[in-house]
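I opened this notebook to record what I looked up, entry by entry. The structure comes before the entries.

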Amino acid sequence: MARVTVEDCIDKVDNRFELVLLASHRARQISQGSPITIDRDNDKNPVVALREIADETLSPDDLKEDLIHSLQKHVEVDEPEPDPSSLIAAASAVAEGAEDDDQPEAMTFDRMSEEELLAGIEGLVPPEKSDDY
């Protein structure tokens with residue numbers, strides 16, 4: 001790697017390992033067709049990336065955010081949590097509603113005994129057989 005360019009970048013990015021990550025990410029962007037911000041001067045992509053960082057034509061913080069974003073596979077979306085006071089109010093309204101006659105009654109489902117079910121099944125007529133199937 002271009003030693004002079006690395007030494008020029010150290011005052012922009014303190015950690016050499018982070019500098020390598022950022023420069024390699026930028027070099028990949030350049031190879032994928034991203035426009036360069038300096039003259040190429042017959043340099044390869046990693047050297048161009050280092051020179052861009054050294055000349056401060058790109059912000060290291062922006063490169064870091066872009067690198068992090070490119071490595072994320074699943075982005076979590078924070079959904080707002082329900083307000084605890086509204087949950088308490090809703091629970092107390094339900095408790096008060098049980099005593100009032102204004103609230104609709106709970107739904108009831110018809111129950112069927114096993115004998116009634118068997119009698120209903122025996123009353124069904126089987127479908128006629130056809131030649132289509």
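**Entry 1: H25.** I began by asking whether H25 is buried or exposed. At a relative accessibility of 8%, H25 counts as buried, because the cut-off for that class is under 20%. The model is a predicted one, and I read each value below as computed from it. I located H25 in helix α2. Leaving aside residues up to four places away in sequence, I found H25 touching L63, D66, L67 and S70.

**Entry 2: α2 against α4.** I then looked up how α2 and helix α4, residues 60-71, are packed. Two packed helices are described by the angle between their axes and the distance between the axes. For α2 and α4 I noted an angle of about 75° and axes 10 Å apart. The two helices are therefore roughly perpendicular to each other, as angles of 65 to 115 degrees are classed that way. On the α2 side I listed E18, L21, L22, H25, R26 and Q29; these meet P60, L63, K64, D66, L67 and S70 of α4. By class I recorded 5 nonpolar, 3 polar and 4 charged residues in this contact.

**Entry 3: R26.** I turned to R26, which also appears in the contact with α4. R26 lies in helix α2. I noted a relative accessible area of 4%, which means that R26 is buried. What joins the side chains of R26 and E52? I found a polar contact of 2.6 Å between them. Not counting residues up to four places away in sequence, R26 touches S34, P35, I36, T37, A49, E52, L58 and L63. Among these, L63 is also a residue that H25 touches.

**Entry 4: α2 against α3.** Since E52 belongs to α3, I looked up that helix pair next. I recorded α2 as residues 16-31 and α3 as residues 45-54, packed at an angle of about 120° with their axes 8 Å apart. That angle makes α2 oblique to α3. I noted that α2 passes α3 in a right-handed crossing. The contact is made on the α2 side by L19, L22, A23, R26, A27, I30 and S31, and on the α3 side by N45, P46, V48, A49, L50, E52 and I53. I sorted the residues of this contact into 10 nonpolar, 2 polar and 2 charged.

**Entry 5: Burial of α3.** How many of the 10 residues of α3 are buried? I counted 7, so the helix is largely enclosed by the rest of the structure. The buried residues of α3 are V47, V48, A49, L50, E52, I53 and A54. E52, which shares the polar contact with R26, is thus recorded as buried.

**Entry 6: V47.** I picked V47, a residue of helix α3, for a separate check. With a relative accessible area of 16%, V47 is buried. I looked up its position relative to V6: the two residues are 41 apart in sequence, and their C-alpha atoms are 9.0 Å apart in space.

**Entry 7: Backbone at D41 and E56.** Most residues other than glycine have a negative phi. I therefore noted the positive values separately, given that background. Phi of D41 is near 55°, a positive value in a residue other than glycine. I placed D41 in the loop between α2 and α3. D41 is exposed, with a relative accessible area of 61%. E56 follows α3 and also has a positive phi, near 60°. I placed E56 in the loop between α3 and α4. E56 is exposed, with a relative accessible area of 56%.

**Entry 8: The chain as a whole.** I closed with the totals. The protein chain holds 6 helices and 0 strands, and from the N terminus on its elements run α-α-α-α-α-α. Buried residues make up 19% of the 133 residues in the chain. Of the contacts with a separation of 6 or more, I noted that 50% are between residues 24 or more positions apart.

Terms used:
Residues numbered from 1 in each chain as written. Predicted model: local features only at pLDDT ≥ 70, side-chain atom pairs only at ≥ 80, totals over all residues. Heavy atoms only, no water. Axes fitted to C-alpha atoms, helices over the stretch in contact; angles between N-to-C directions. Helix = DSSP H or I, 4+ residues; strand = E, 2+ residues; numbered from the N terminus. Parallel < 35°, antiparallel > 145°, perpendicular 65-115°, else oblique. Left-handed = near helix turned anticlockwise from the far one by under 90°. Contact = heavy atoms within 4.5 Å. Nonpolar A, V, L, I, M, F, W, Y, C, P; charged D, E, K, R; others polar. Buried < 20%, exposed > 50% of the residue type's maximum accessible area, 1.4 Å probe, protein only. Polar contact = N/O pair within 3.5 Å; in protein donor to acceptor, adjacent residues only side chain to side chain.
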